[in-house]
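Colleague: I am new to this structure and would be grateful for a close look at a single part of it. Please take me through that part and its surroundings.

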Amino acid sequence: MMQSEVLHNSWSSTFHQTEFYEIKIDPYENQKHYLSYSSLNSSKDQDSSEISFSDFTSLFPDNFLADLPMDDLEFDDVCRWLNDSESEGNGNMNISSEMQKNGALWSPALSGVSSEPSMAIPSTNSAISLVIPEMNTQMSLHHLLAAYGEAIENGHKELAEVIIRSIRGKINPLGESSERVASNLFQQIEDQGSYLRQESSKIIEAAFKAFYQVFPLGKFAHFAANSAIIEAVPDDADTIHIVDFDMGEGIQWPSIIEAMGQRRKVLRFTSIKKTEEESTSDQWRFEETKRRLLDYANPFGLRLQVEEMTVEELRRMKRRGRGSEWLVFNCMFKLPHMGKRRCRIHALEFLKLAKELLLAHCSTHGGLVTFGDGEPIYNSDSINAFSAFFNKNLIYYQSIFESLELYFPAYLAQARLAMESLFLSPQICSFSWFQNWEEMRSIFNSCGEIGLQGMRISKENLLQAKEMVNERETPLKVRIEEERRHEMILEWKGTPLVRVSTWM
């Protein structure tokens with residue numbers, strides 16, 4: 001079977017998705033920001049129509065449910081949790097619905113959201129004050145966020161606090177994408193996530209399945225990397241050795257297992273151990289992932305080895321070549337579904353080590369590096385000034401939140417809210433953005449600057465990626481720049497969301 005057929009069948013079928021998705025995830029390793037139910041207060045006296053469990057389930061069209069790799073019971077659990085979270089354990093939350101007479105539109109409504117046309121906020125320091133001119137909420141919010149970035153850049157902490165208070169008074173946590181990003185950006189940490197943390201742990205596996213299957217960013221990155229791997233594997237290589245920077249639940253690898261099983265190759269996975277600071281619970285997660293990968297490989301008659309090692313143990317690999325073994329170094333970095341994020345400096349160290357090992361291995365079969373980047377594209381301007389860095393992140397996350405609305409529209413607002421709080425909100429934090437900026441200033445680098453040579457992505461793989469994200473019917477676009485033929489980019493209305501590059 002040709003490579004394109006193997007990959008297309010693997011990604012278009014639900015067999016490997018259904019069988020493989022028995023996962024354990026801890027989305028709270030970050031413990032930074034979670035959904036604040038207290039911020040969604042609505043008056044108990046408000047005349048509102050609450051959505052029942054059966055009503056919420058019926059909001060999903062039949063083809064939407066059929067495409068998800070979960071059984072009816074799992075989906076019922078998700079819907080019941082999303083509905084019950086309004087009333088159990090938190091009396092402050094009350095999301096009401098407004099339905100047009102023709103029944104065509106449902107949208108969440110909140111009481112207590114400020115709609116004052118203008119306001120002046122005094123500071124305890126009389127020299128600092130902020131006057132907000134009369135303008136619509138989106139324009140006002142845009143200027144306030146820009147002012148906050150400049151205040152932090154210039155060290156004006158008191159002014160930044162004044163701006164934050166003004167922003168909190170203007171945003172609707174269920175409003176436009178910019179409002180939802182700002183809501184997460186300036187959430188107060190104290191006692192925010194206890195209820196959601198407790199309740200969401202009951203349905204995190206089903207939520208992960210829905211998020212990964214419905215929202216295409218993670219699938220796009222995995223498809224782009226896997227298609228390049230399958231296309232580049234030499235016929236005379238007996239063993240394909242894939243070193244994975246952040247294996248997580250192993251969800252990237254079913255299509256590779258199928259393809260290598262059909263080609264009668266030996267497949268070896270090496271997962272890089274995280275440092276103690278990065279995780280304290282990864283050993284049990286690795287054992288679960290290993291079991292799932294081995295179980296999945298059995299029906300294909302594939303000889304599969306799965307191991308875990310530190311970077312230092314990996315470094316010693318170059319002293320012991322393995323004959324016809326073909327090496328792949330895979331680095332997926334900060335994709336939305338990945339949960340706790342690793343530092344870019346560790347990713348760069350991994351890529352530098354990949355270069356060393358490939359050079360030491362070039363006398364045999366050489367290999368490939370695949371790099372999926374889920375961060376904004378930074379340039380020298382955004383690295384030199386925090387305000388520019390801050391604005392880059394705002395545009396990036398607003399685009400992600402907006403694109404999520406395509407797959408979870410207004411009538412699925414509660415489901416979208418849950419997905420945002422579980423997978424996106426932990427990455428939106430003003431303090432962590434400042435830390436990321438400081439890290440980027442110290443290690444600003446790219447694969448090209450560490451001596452890797454790009455491998456051209458085929459037109460066939462580009463066309464399949466366009467089909468996978470349904471480019472003809474959505475604002476999502478997949479492209480390859482003429483001067484960077486080794487990099488495939490998924491963008492939303494011109495904003496790059498994920499980039500996948502291949503190197504050799």
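In which loop is the place of Lys334?

Modeller: In this predicted model, Lys334 lies in the loop that runs between strand 8 (325-333) and helix 15 (344-361). The phi of Lys334 is near 55°, a positive value in a residue other than glycine. Lys334 is also buried, its relative accessible area being 12%.

The elements on either side of this loop lead into the surrounding sheet. Helix 15 lies across strand 5 (239-244), strand 6, strand 8 and strand 9 (367-373), and its direction is at about 165° to that of strand 8. Strand 8 belongs to an open sheet of eight strands, whose order is 7-6-5-8-9-12-11-10 and whose pairing is mixed. Strand 7 (303-309) and strand 10 (476-479) form the edges, each pairing on one side only. From one strand to the next, the twist averages 15°.

At the edge formed by strand 7, the neighbouring strand is strand 6 (residues 266-272); the two run parallel and are joined by seven bridges. Leu267 stands opposite Leu304, a residue of strand 7.

Towards the other edge, a second lysine invites comparison with Lys334. Lys493 is found in the loop between strand 11 (487-492) and strand 12 (495-503). Lys493 is not a glycine either, yet its phi is positive, about 50°. As to surroundings, Lys493 is exposed, with a relative accessible area of 56%, whereas Lys334 is buried.

Strand 11 and strand 10 are also covered by a helix: helix 20 lies across both, running at about 175° to strand 10. Within helix 20 (residues 459-468), the buried residues are Asn461, Leu462, Gln464 and Ala465. These residues are on the same side of helix 20, because they cover an arc of only 165° around the axis. On the face turned away from that buried side, helix 20 carries the exposed residues Lys459 and Glu467. After helix 20 comes Asn470, with a positive phi near 55°.

The interior may now be considered. In soluble globular proteins, nonpolar side chains tend to be buried together. The largest nonpolar core here has 92 residues, of which Leu145, Ile167, Phe220, Leu314, Phe329, Phe350 and Met488 touch the most other members. Helix 17 (residues 386-407) supplies the largest share of this core, 10 residues. A second, separate core consists of 26 residues, including Ile229, Ile240, Met247 and Val306.

Phe220 connects this account of the core with the region around helix 20. Leaving aside residues up to four places away in sequence, Phe220 touches Ala465, Met468, Val469, Val478, Met488, Ile489, Leu490, Val498 and Val500. Among these partners, Ala465 is one of the buried residues of helix 20.

Ile167, another of the core residues named above, is buried in helix 7, together with Ala160, Val162, Ile163, Ile164, Ser166 and Lys170. Helix 7 (residues 157-170) has 14 residues; at 1.5 Å a residue it should span 20 Å, and its end C-alpha atoms are 20 Å apart, which agrees.

The same check can be made for helix 19 (residues 430-443), where 14 residues should span 20 Å at 1.5 Å a residue and the end C-alpha atoms are indeed 20 Å apart. The buried residues of helix 19 are Ser430, Ser432, Trp433, Trp437, Glu439, Met440 and Ile443.

Key:
Residues are numbered from 1 along each chain as its sequence is written. This is a predicted model: local features need pLDDT of at least 70, side-chain atom pairs count only at pLDDT 80 or more; totals for chains, interfaces and linings use all residues. Side-chain values use heavy atoms; hydrogens and water are left out. Helices (H or I, at least four residues) and strands (E, at least two) are DSSP runs, numbered from the N terminus. The expected span of a helix is 1.5 Å times one less than its number of residues. Buried means under 20% relative accessible area, exposed over 50%, partly exposed in between (1.4 Å probe, protein chains only). The arc is that of the directions from the helix axis to the C-beta atoms. Two strands pair if DSSP finds at least two bridges between them. Axes are lines fitted to C-alpha atoms, for helices over the stretch in contact, and angles run from 0 to 180 degrees between N-to-C directions. Contact means heavy atoms within 4.5 Å. A nonpolar core is a set of buried Ala, Val, Leu, Ile, Met, Phe, Trp, Tyr and Cys residues joined through side-chain atoms within 4.5 Å.
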